Amino acid sequence: MKTPYSLINRVGRVALLLFVLPGSLAFIPNPLSAQSASRSATSGQVRITNPGTTPWTQAVLEIPWSVVQQAYPAVDTSQLQVLQTSTGEPVPYQLERRGQKTVQNLLVQLTVAPKQTIRLTLRKGQPAPVVPKTYCRFVPERYDDFAWENDRIAFRIYGKSLNGRSDNAYGTDVWAKRTSQLVINDWYKSGDYHKDHGQGLDYYQVGLTLGAGDVGIWLGDSINYIHNYTSWQVLDNGPLRSTFRVRFSPYQFGPITVNTSKTFSLDAGSQLSRIEVQLAHTHSQPLPIVAGITLRPEPRQVRFDRSSGIMSYWEPAHGNDGTLGIGCVFPEPMATMRQQRNHALAGTAVPSDKPFVYYSGAAWDKAGQITSADAWFAYLQSYANQLRQPLVISAETSGGSAPRKGR
C-alpha cells in the first residue's frame, strides 16, 4: 500500500495526519498545530473595534473577564502582562472587582479612533507600572463627607453628621482642579481649599439643592430631597477607576416610603461619574424622579438636548475663580427636560428596584481642557455618542463579538 505522501503535500497544514500501516493506526501530530497550541497556552489576543464616528480618546475601556479567559485560558492575575500588539508596548491596567472576590473586568486606558480596530496581547509577565489616576474615600474628619476624584476633577457628597446643621447640604459638590495630581487628602489635611493655591479650589455652592446633578423625588410639583447618606462601601479604588456605594435611611415622602442606594464610578480622564440609583419604594406606580443642576441667579446658559439625553449648564463666572460647566448625560430617554424650581431638571419615573443609570459631572475653565459653553456641550455630545455606539470587544479567537461599553 502506498504511503499517502501526496495527501500530505496537498493538505499541508492539517492538525493530524493518518498513516495506514499493516495492522495498526497511527496519529502523528502536525508540528504547526503544536506550535499554535503552545502559543495559545502562553498568550492570547483581545480585539477592540470602534464602530462609530466618535473617537475614544484616552478612555478607560472595560474588557469583561470572560473575554480575557476566552482569549487566554491560562491567565494568571498575579503575572499578567498586557501589550499593544502592533507595537509591543506595555499597557497599564486595573483588575476591577466591583466589590466581589473575583475579577469582573480588565480595565485599560487607550485611544481608539473612529472605525479603528486595535489588538491587545495578553501573556505571562510583569505588569506595566500604573500611576494612580482615581481615588475615593470616606472623610470622617469632616462630618463624614465622601469624596472622589480623578486626574481632571473632584466631587463630594455629605453624610448624616450634617443633618440638622445650618451648614447642611443635600446635593453633589464640585472641587475645581487644574492639576492631574490627586488632591483630596492634601486639601482635607490643610483645610484651606476655598482658595486657589495653584491646584484649584472648592467654590461651588450646594446648600439645600441638588447641586451638580443629584437626584430627587418629584412629588407635589416640587423637588423632595433624599437628604444625606448613612453608610458607605468602597468597591474599587483605582488606579484607573474608583467605585463606591452609599446607602440612605428609609425616607418618608407622604404615604410613600423610599429606600435609596447610589453607586458612583469615576474613570481616569473623564469629567463625568457614572451613577446608578436604586430606589425601593412603596408607590403603586413608577415613582417620579428628577436629576437636577442648581442654577445661579445671573443670566443662564442652559442647553437641553432631549433626543441625545444631554442637560448642560455653563455657570456665570465666579469672580476670579473662573467658570464651571455642569452637565448630565442620560442613556435612556427622559420624559421631560426644563428649568423649574431654580434648577435645570430632567424627569422620568422609575419602578421600584429598577436601577436608574446616568452620568453627571463638571469641568472648570481654568483647567484649560474645556473653556466655553460650546466646548462643554460638545464634550457631553461626544460622551452621549459613545454610549449610543459602544466599542465591540471580543477574544481574537472568538466566533462572535458583543458590544461592550468602554466606561
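**Group meeting talk: pockets, salt bridges and strands**

Hi everyone, let me begin with the lining of the largest pocket, which by class has 8 nonpolar, 9 polar and 5 charged residues. Before I go on, please keep in mind that this is a predicted model.

So how much space lies in the largest pocket? The volume comes out at about 420 Å³. The lining is made of 22 residues, and the closest to the centre are Thr57, Gln58, Arg152, Gly269 and Tyr379. If you want to find your way around by secondary structure, look at β4, residues 56-64, and α5, residues 373-388, since each of them supplies at least two residues of that lining. Which element gives the most to the lining? That is β4, with 5 residues.

Now for the second largest pocket. Here we have about 250 Å³ of space, and 14 residues line it. Nearest its centre lie Arg156, Tyr158, Asp167, Ala169 and Tyr204. Sorted by class, this lining has 5 nonpolar, 4 polar and 5 charged residues.

Please hold on to Arg156 from that list, one of the residues nearest the centre of the second largest pocket, as we pick it up again right away. The side chain of Arg156 meets that of Asp173 in a salt bridge, at 2.9 Å from N to O. Arg156 lies in strand β11, residues 154-157, and Asp173 in strand β12, residues 173-177, so this pair ties together parts that are 17 residues apart in sequence. Are these two residues buried or exposed? Arg156 has a relative accessible area of 5%, so it is buried. Asp173 is at 1%, and therefore buried as well.

The backbone tells a related story. β11 and β12 run antiparallel, joined by 3 bridges, and the bridge partner of Arg156 in β12 is Asp173. In other words, Arg156 and Asp173 are linked through a strand bridge and through a side-chain salt bridge.

Let's stay with β12 for a moment. It is mostly covered, with 5 of its 5 residues buried. As a reminder, in a regular strand the side chains alternate between the two faces of the sheet. In β12, Asp173, Trp175 and Lys177 point one way, while Val174 and Ala176 point the other way, and all are buried. β12 also pairs with strand β13, residues 200-201, in the antiparallel sense over 2 bridges. There, Ala176 stands opposite Leu201.

Back to charges. How many salt bridges does the structure hold? The count is 19. Side chains of opposite charge can pair when their charged atoms come close. A good residue to look at is Glu96, whose side chain forms a salt bridge with that of Arg98 at 3.1 Å, N to O. Glu96 has 0% relative accessibility, so it counts as buried. Arg98, at 25%, counts as partly exposed, because the buried class ends at 20% and the exposed class begins over 50%.

Glu96 also meets Arg241 in a salt bridge, again listed at 3.1 Å from N to O. Arg241 sits in strand β17, residues 241-247, and Glu96 in strand β6, residues 93-96, so the pair ties together parts that are 145 residues apart in sequence. Both Arg241 and Glu96 are buried. Now, back to the Arg156 and Asp173 pair for a second: Asp173, with its relative accessible area of 1%, is buried. Elsewhere, salt bridges that share partners join Glu62, Glu96, Arg98, Arg241 and Asp267 into one network.

My last stop is strand β26, residues 343-350. Why call β26 largely enclosed by the rest of the structure? Because 7 of its 8 residues are buried. Strand β21, residues 287-294, pairs with β26 in the antiparallel sense over 8 bridges, and the bridge partner of Ile289 in β26 is Thr348. Strand β25, residues 336-340, is also antiparallel to β26, with 5 bridges joining them. Gln339 stands opposite Ala344 in that pairing. β25 and β26 form a hairpin with 2 residues between the strands, and there Arg341 takes a positive phi near 55 degrees.

That is my tour. Thanks for listening!

Notes. Residues are numbered from 1 along each chain as its sequence is written. This is a predicted model: local features need pLDDT of at least 70, side-chain atom pairs count only at pLDDT 80 or more; totals for chains, interfaces and linings use all residues. Side-chain values use heavy atoms; hydrogens and water are left out. A salt bridge is a side-chain nitrogen of Lys or Arg within 4 Å of a carboxyl oxygen of Asp or Glu. Buried means under 20% relative accessible area, exposed over 50%, partly exposed in between (1.4 Å probe, protein chains only). Helices (H or I, at least four residues) and strands (E, at least two) are DSSP runs, numbered from the N terminus. On a 1 Å grid over the protein atoms alone, a cavity is a set of points where a 1.4 Å probe fits but cannot get out, and a pocket is an open set with protein on both sides within 12 Å along at least five of seven lines; lining residues have an atom within 4 Å of a point. Grid points are joined across faces, edges and corners, and a volume is the space filled by probe spheres set on the points. Ala, Val, Leu, Ile, Met, Phe, Trp, Tyr, Cys and Pro count as nonpolar, Asp, Glu, Lys and Arg as charged, and the others, Gly among them, as polar. Two strands pair if DSSP finds at least two bridges between them.
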